[in-house]
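Me: I am new to this structure. Please take one part and look at it closely, then tell me what surrounds it.

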Amino acid sequence: MKVAIIGYSGCGKSTLASTIARENNVPLLHLDKVHWIPGWIERPEEQEKKIIREFMDKNDSWVIDGNYHSLEYSRRMEEADRIIFLAFPRLICLARAWRRARKYRGKTRSSMAEGCPEKLDAEFVLWILHEGRTRKIQENYKRIMLKYGDKAVKIHNQKELDEERRKWMKH
């Protein structure tokens, strides 16, 4: 089982990835843990790519959540048995991010790199509402859905997510 979870910020990619990995006893890689180092500093791209390549080379099954198009994106999409695209509405994503920020205030969540405490600042709000949903980004998701339609699913809301989760938990 190889599952790639992509989608808009605040949709619940990491939560879904953790659930699928735990319930199916499959190795998990959160790309936020790869991309960031303590202090919200971006890791050098070559180091990131090396970490991801090693993870994918080492594991016959995996769950990987995150977008990061420069980080073995094509390989992740090609090798995945299932691509789950979480496409919740902007305001739902913002509400989820707000709840997450309250829950983890001053702490680092398990899907994030150590030393990167949870935050919901103006820059991230703008990303959730606008910058993370540009025409270019939306077109990329459309291409993924067209190219990998036989193994890709687009989830628009919690009800659809719950239905998809039930399917995966049967495996």
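Reply: What follows starts with one helix, then turns to a ring cluster, two charges over rings and a pair of cysteines. Keep in mind that this is a predicted model.

Start with helix 3. It covers residues 45–58. How far apart are the end C-alpha atoms of helix 3? They are 20 Å apart. At 1.5 Å a residue, the 14 residues of helix 3 should span 20 Å, so the two values agree.

Now look at its sides. Five residues of helix 3 are buried: E48, K49, I52, F55 and M56. Seen down the helix axis, the buried residues fall within an arc of 130°, so they line one face of helix 3. A general point helps here. An α-helix has 3.6 residues a turn, so residues three or four places apart point the same way. Turn to the face of helix 3 that points away from the buried side. There you find the exposed residues E46, D57 and K58.

What do the buried residues of helix 3 pack against? Two of the partners are strands: strand 2 (28–30) and strand 5 (62–65). The others are helix 2 (31–35) and helix 4 (73–79).

Next, the rings. The model has 4 aromatic pairs. One of them joins Y8 and Y141. Their ring centres are 5.3 Å apart, and the planes meet at 85°. That makes the pair edge-to-face. Y8 sits in the loop between strand 1 (2–7) and helix 1 (13–24), while Y141 belongs to helix 7 (residues 135–147), so the pair ties together parts that are 133 residues apart in sequence. Both Y8 and Y141 are buried. Ring pairs also bring in F85, giving a cluster of Y8, F85 and Y141.

Y8 has a charged neighbour too. R133 lies over the face of Y8, at 3.8 Å from the ring centre. Elsewhere, K119 lies over the face of W40, and here the distance to the ring centre is 4.7 Å.

Last, the cysteines. How many disulfides does a search of the whole structure find? It finds 0. C11 is in no disulfide, and its nearest cysteine sulfur belongs to C93, 3.3 Å away. Why is there no bond from C93 to C11? The two sulfurs are 3.3 Å apart, which is too far for a bond. A disulfide here needs sulfur atoms within 2.5 Å. C11 is buried, with a relative accessible area of 0%. C93 is buried as well, and its relative accessible area is 0%.

Terms used. Residues numbered from 1 in each chain as written. Predicted model: local features only at pLDDT ≥ 70, side-chain atom pairs only at ≥ 80, totals over all residues. Heavy atoms only, no water. Phe/Tyr/Trp six-rings, centres within 6.5 Å; stacked < 30°, edge-to-face > 60°. Helix = DSSP H or I, 4+ residues; strand = E, 2+ residues; numbered from the N terminus. Buried < 20%, exposed > 50% of the residue type's maximum accessible area, 1.4 Å probe, protein only. Lys NZ or Arg CZ within 6 Å of the ring centre and 35° of its normal. Expected span 1.5 Å × (residues − 1). Arc of directions from axis to C-beta. Contact = heavy atoms within 4.5 Å.
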